[in-house]
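Please look over the sequence and the model below before reading on. The paragraphs that follow move from the ligand and its contacts to the pocket around it.

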Amino acid sequence: MSIQKTFVMIKPDAVERGLIGEIISRFERKGFTIRALKMVQLSRERAEELYSVHRDKPFFNDLVDFVIRGPVVAMILEGDSAIDVVRILIGSTDGRKAAPGTIRGDFALSIQENVVHASDSPESFEREYKVFFSPEEIEG
Ligand code: CMP
């Protein structure tokens, strides 16, 4: 048993489509505890910081335009092996290839507009959650 925190962001496509409750519910039903939660309109600067590892990718500008086109819901989840288990629950990046039963497999049909983001490592978690939360906003 290794209790871990991870960072999750529900993207603008999912907020527009009314999927916030469905997505949060899946994480809760799996057994994760929500330690922080907020709805945010990202500035271009903060979106570029969140996705700084993709700065040199051809899709970077489109990705930033997408995540700032409307509000996102940011959260910190905690539970056993949270980083790996949440990545399994959300499914492959490309919604067209994500397995049915995963969040992207059930709700995404695009590689860019893929409904949700989650940290892929402890290092990513440390960088990503700080784009959204200050220490006093995290419970536990
Ligand atoms: P995410 O898990 O948030 O991490 C980076 C994001 O970039 C990814 O989900 C997609 O939204 C987007 N992305 C990754 N690969 C591509 C691609 N080939 N074309 C367009 N967008 C991409």
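A polar contact here is a pair of N or O atoms within 3.5 Å. In this predicted model, an N or O atom in the side chain of R104 is placed 3.1 Å from an oxygen atom of the ligand, and that separation counts as a polar contact because it falls within 3.5 Å. A polar side-chain atom of K11 is 2.7 Å from a ligand oxygen atom, while Q112 takes part through its backbone, a polar atom of which lies 2.8 Å from an oxygen atom of the ligand. On its own the ligand has 450 Å² of accessible area, and the protein covers 81% of that area.

Beyond K11, R104 and Q112, the residues around the ligand include Y51, H54, F59, L63 and T93, together with I111, N114 and H117. Sorted by class, this shell comprises 4 nonpolar, 5 polar and 2 charged residues.

Which space does the ligand take? The ligand occupies the largest pocket, which holds about 410 Å³ of space and has a lining of 19 residues. Nearest the centre of this pocket are Y51, H54, L63, T93 and H117, each of which is also listed among the residues around the ligand.

The lining of the largest pocket divides into 7 nonpolar, 6 polar and 6 charged residues. Turning to secondary structure, β4 (116-118) and α7 (122-132) each supply at least two residues of that lining, and the largest share, 3 residues, comes from α7.

Definitions and conventions: Residues are numbered from 1 along each chain as its sequence is written. This is a predicted model: local features need pLDDT of at least 70, side-chain atom pairs count only at pLDDT 80 or more; totals for chains, interfaces and linings use all residues. Side-chain values use heavy atoms; hydrogens and water are left out. A residue is near a molecule or strand if one of its heavy atoms lies within 4 Å of it. A polar contact is a pair of N or O atoms within 3.5 Å; within protein, one must be able to donate a hydrogen and the other to accept it, and residues adjacent in sequence count only if both atoms are side-chain atoms. Accessible areas come from the Shrake-Rupley method with a 1.4 Å probe; for residues, only the protein chains shown count as cover. On a 1 Å grid over the protein atoms alone, a cavity is a set of points where a 1.4 Å probe fits but cannot get out, and a pocket is an open set with protein on both sides within 12 Å along at least five of seven lines; lining residues have an atom within 4 Å of a point. A molecule sits in a cavity or pocket if more than half of its atoms lie within 2 Å of its grid points. Ala, Val, Leu, Ile, Met, Phe, Trp, Tyr, Cys and Pro count as nonpolar, Asp, Glu, Lys and Arg as charged, and the others, Gly among them, as polar. Grid points are joined across faces, edges and corners, and a volume is the space filled by probe spheres set on the points. Helices (H or I, at least four residues) and strands (E, at least two) are DSSP runs, numbered from the N terminus.
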